Structure formats: structure tokens, C-alpha cells
Amino acid sequence: PGHVGGELRSGGGRMETHSQVVERLRSVFRSGVTLPEQFRRTQLTKLMSMIKDNEQQILGALHKDLAKPKFEAVLSEIDIVINELHYTLNNFKSWMQPEYVDKNLATKFDDCFVKREPLGVVLIIGAWNYPWQLLLLPMVAAVAAGNCVVIKPSEVSAATDTLIAELIPKYLSQDCYAVVSGGAEETKSLLLNRFDHIFYTGSQAVARSILQAASVHLTPVTLELGGKCPCLIYGQVSIAGVARRLVWSKFFNAGQSCVAPDYVLCSAATRDALLPELRQALEDFYGKEPQTSPDLSRIVSARHWARLMELLKRSNGKVAVGGESNEDDKYIAPTVLVDVSEDDALMEEEIFGPILPILNFESLQDGIDFINRKEKALALYVFSNESSVINKVLENTSSGGFCSNDGIIHMTLPGLPFGGVGASGWGSYHGRWGFETFTHRRACMLRGWALERLNGLRYPPYNDNKLGWLRWTASPKSSCSLM
Ligand code: NAD
């Protein structure tokens, strides 16, 4: 009874059930130990040391999981977290401060403010494609906001999972933070417990079962999901520049990015101009034989490789670039397909691999209509030298993020919220947005005994005269007119 979940070994070699871990963290949270700014600062600083001390091991694990090039790993897994830590350490004290709000006459002598409070024990579930970043970035926010945290790495990226489970207890407070490893079954068992927030990164399919589990305890959930990010090219464009930026953002991490351009929409003329430039950019980046390039990641597992090969097999599009593959190496060449129709296999689901279909549209409105027929994407990209084109797409579509004349880059700026809308996700993080995600904004009004005569206006017996005065004192105008 009261025993939920399987046994696990958490930091320090303790054998504990999932429910024991959650209960232990909950009682530590209630003790208030995570509340002081200094405690949070110390833990964030330790997190920084953890990353700096172990850079080589982190790079090694990421290489083992995805053959991730050091260059990409440093940018998208290590430095992005270090930068978030610096940004948070420099700013979170001010984010913690009470926020005083405008008052009216009726509340003139009261203290009226928003108090930022941690939520409690929060769960962060990560995905395998950026297995370090996707756990650690939300963790920075959750720690800064003063929560106790359980993190659940993806079992698919096994080497990074093992490293995280080893390092977190070594550097951070074991009383406040725990790593729980495992796949679908362990996660389901973990989710039987009550958390104060669940932060999930992964696929839309699994998100449904996360929501079901959360509904039992009415736990609020942030969903960082994926989908098909469109890339529209229209009007006057610098085609060689488009090709380089498109190739970089699509084939970074072998296309296994939630914000990778999923498909291209352009006119037949643009496609014809683009193809040779894409070939050139690919050759410049990865050489004539991309399989021998150290700068191209591999598909994460044989299962994921087989899914992509099946999509390629089922597609009726014509391979214009690439198409080669090697199962033992979990390799798929950067591949571009043309003559892809809207009902093609490649358009049925998020591709999440190094395969880029090009679909043709002649008018900008057709492209916009196409995008609007689909679920709202995590990111939407438009390439054009014409600002009227970019503005038209921006004003007539919706997506989690939007970036013109580039791909992926918008998510590296901590001032911008990162997250989806509709089917691409709920909620956001990065910078202050992450702090707010893991924070309760408590509405506080600390009243004294001033203006009791004014208060008297709201007590019965009611009459129209009192109501008139009351409406005036409670209106925004009343505070201005007396100042
Ligand atoms: P996934 O859904 O298979 O796995 C994600 C996590 O869920 C893992 O930790 C896994 O152990 C757990 N899990 C798997 N099955 C489960 C189940 N039945 N019940 C409970 N937990 C379960 O996703 P993935 O394949 O690891 O990631 C790919 C997807 O994630 C893509 O759709 C991609 O676009 C999306 N993604 C989104 C972001 C973002 O920030 N928005 C970032 C990366 C990936």
C-alpha cells in the first residue's frame, strides 16, 4: 500500500522505489531548504562545474549515442546549457522578487504583489535527440525556481542517460534532485506518483499518455513536442545562401531536431535553381562521400533507422540528392526528394531524419493555405529577400516559433520563449520563460485596517448610493484622480 513503482538505485547507491524517491523529495521540499536564493545559486554553480569538469565524458557519451560531432555537441548540448546557466545566475534573483501591481483607491493602503513560489517536486522527462540539453535546460529553470526535481532521461540515448545518472548525484544535492532511469514501463510507473508539474519533451503520441497520467492528480504539464516544421521559399531569394542555411539546419544532428525544417515549399523555378545549390552546399559541408564525414551524426537506433528507410521506400517522390544508406552504420545520406505530393508517405508524420522533401506551390497564398491546413508547427521558416513576403507569412500563420532566412537559430536566444502551440506543444521555457514555467505566481494582498469607512460601503444593507461610490473606488480611474 502506498508503494508505487519499481525499485531503483538512486544517488549514493540507495535502493528506493519511485514513490519513496518522490516522497523523500517532497518532505525535503516542505522543509524549505530550496527556498533561499543562495541555495539555488550554489546548486546552479555546481551544475556549471559538473558540465565544465566532465566535458570530455559528455562529448564521448553523445558520440556513442548519435555519433554527434564534437562541434555540434559543444554548440547544441554544452554551451547552450552553460549560457543558460550564466543568464539565469545573472538574473534569477530579480525574477524571484515580488512584483508589485497597480492599485485602486479601495486597495491604496494594501500591499498588492505577485509572489513567485516554487511548485514543489517536478518531473522532467527528456528525449534522445539532444539528450543532454533537453534535460539540463529545463533543470536549470526548475532549480532556479526553487523546486525539487526528478529527471528521467531517455533510455534510447543510453550512454548519456548513464552519465547523467552518475553525475547529477555527484555534484548536486541528493536530498533535492534525483535521476530515475528507464523506458516506457518505468516512466509509466513513475507517473503513478503525484508531481507538482510534469515537463515532457518527446513525441505527440507519448504526450497523450503523459496527459492521461497527469489527469489523475490534476498535475499541470508542459509539453515540448514536435511535428512537421515547414520551410517556405518565395519571391526574390539569394539561392546559394538559402541552400547553405537550409542544409545546415536540416542536417544538423542528421535531421533529428524538433525544429529541423521538415519539408520545403517553393515554386518549380525556385526548386530548379535550388537543387544544384543544395548539392554544392552538401558537398562543401560533408564532402563527396558524406558517410566518411566526421561532421554528420548517425540515426540513434536500428529501429529509428528502419522507420526512416520505410518512409523512403513508401515515398512516391523522386530522389534528387543522396538516397544512400547503410544499416550497420545506422547511416542515411543527406537526401532530397522532389515531386513529392501532399499525400505522400513523407508528409504523413514528422520525418526526424536526414530526408528533405520539396513540394511545389506557385502562389504565396497557396503555400500559406497549405501550412494552415496542417497542425500548428513548432517552428516555421520563410526564406525571401522581400520583407512583404516574410510579413505576409508571419501575419497569416501560427507556429511555436518563427525565423526568416535561417533555421533553428531562433531557439538559441534565451530572451525568446521556446515551445509549441496547439499540437506542437503547450508552454515554453528558456531564460525567464523557463523560470516562470516552474513557478507559481501567487496573488497576494496584505491588508491592514485603513479605510474601514470606505470598506463599509460594501456591507449590507445595500443601496444604489453605496454601489455608486464602490464602483468608483474600485475603478482604475479612482486611483489616478486622487494622485
Ligand atoms: P519519445 O516520446 O519516444 O520519448 C520521450 C520520453 O518519453 C523518453 O524519456 C521515454 O522514455 C518516454 N516514454 C516513451 N514511451 C513512453 C510511454 N509509453 N509512457 C511514458 N513515457 C514514455 O520521444 P522521442 O522519440 O524520444 O523524441 C522524438 C520526438 O520528440 C519528436 O517528435 C521530436 O520532435 C520531439 N522533440 C521535441 C522537442 C521540443 O523541445 N519541442 C525536442 C526534442 C524532441
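## The ligand and its neighbours

In this predicted model, 28 residues surround the ligand, and those that come nearest are Gly 126, Trp 128, Glu 155, Tyr 200 and Glu 350. The shell is mixed in character. It divides into 13 nonpolar residues, ten polar ones and five charged ones.

## Polar contacts and cover

Two side chains reach oxygen atoms of the ligand. In Trp 128, a side-chain N or O atom is 2.7 Å from a ligand oxygen. In Glu 155, a side-chain N or O atom is 2.6 Å from an oxygen of the ligand. Glu 224 takes part through its backbone: an N or O atom there lies 3.4 Å from a ligand nitrogen.

How much of the ligand's accessible area does the protein cover? On its own, the ligand has 840 Å² of accessible area, and the protein covers 90% of that. The space that the ligand takes is the largest pocket.

## Where the shell comes from

Which elements each supply at least two residues of the shell? They are the helix α7 (184-190), the strand β8 (197-201) and the helix α8 (204-217). The largest share, three residues, comes from α7.

Two domains also contribute. Domain 1 (3-225 + 431-440) and domain 2 (229-416) each give at least three residues to the shell around the ligand.

## Two backbone details

Which peptide bond is cis? The bond from Pro 460 to Pro 461 is, with omega near 0°. Pro 461 has its place in the loop between α15 (452-455) and α16 (464-473).

Another loop holds Ala 67. This residue lies between α3 (55-66) and α4 (70-96). Its phi is near 50°, a positive value in a residue other than glycine.

Definitions and conventions. Residues numbered from 1 in each chain as written. Predicted model: local features only at pLDDT ≥ 70, side-chain atom pairs only at ≥ 80, totals over all residues. Heavy atoms only, no water. Near = heavy atom within 4 Å. Polar contact = N/O pair within 3.5 Å; in protein donor to acceptor, adjacent residues only side chain to side chain. Areas by Shrake-Rupley, 256 points an atom, 1.4 Å probe, with all protein chains shown as cover. 1 Å grid on protein atoms, 1.4 Å probe; cavity = no way out; pocket = protein on both sides within 12 Å on 5 of 7 lines; lining within 4 Å. Sits in = over half its atoms within 2 Å of the grid points. Helix = DSSP H or I, 4+ residues; strand = E, 2+ residues; numbered from the N terminus. Nonpolar A, V, L, I, M, F, W, Y, C, P; charged D, E, K, R; others polar. Domains from an automatic or database assignment.
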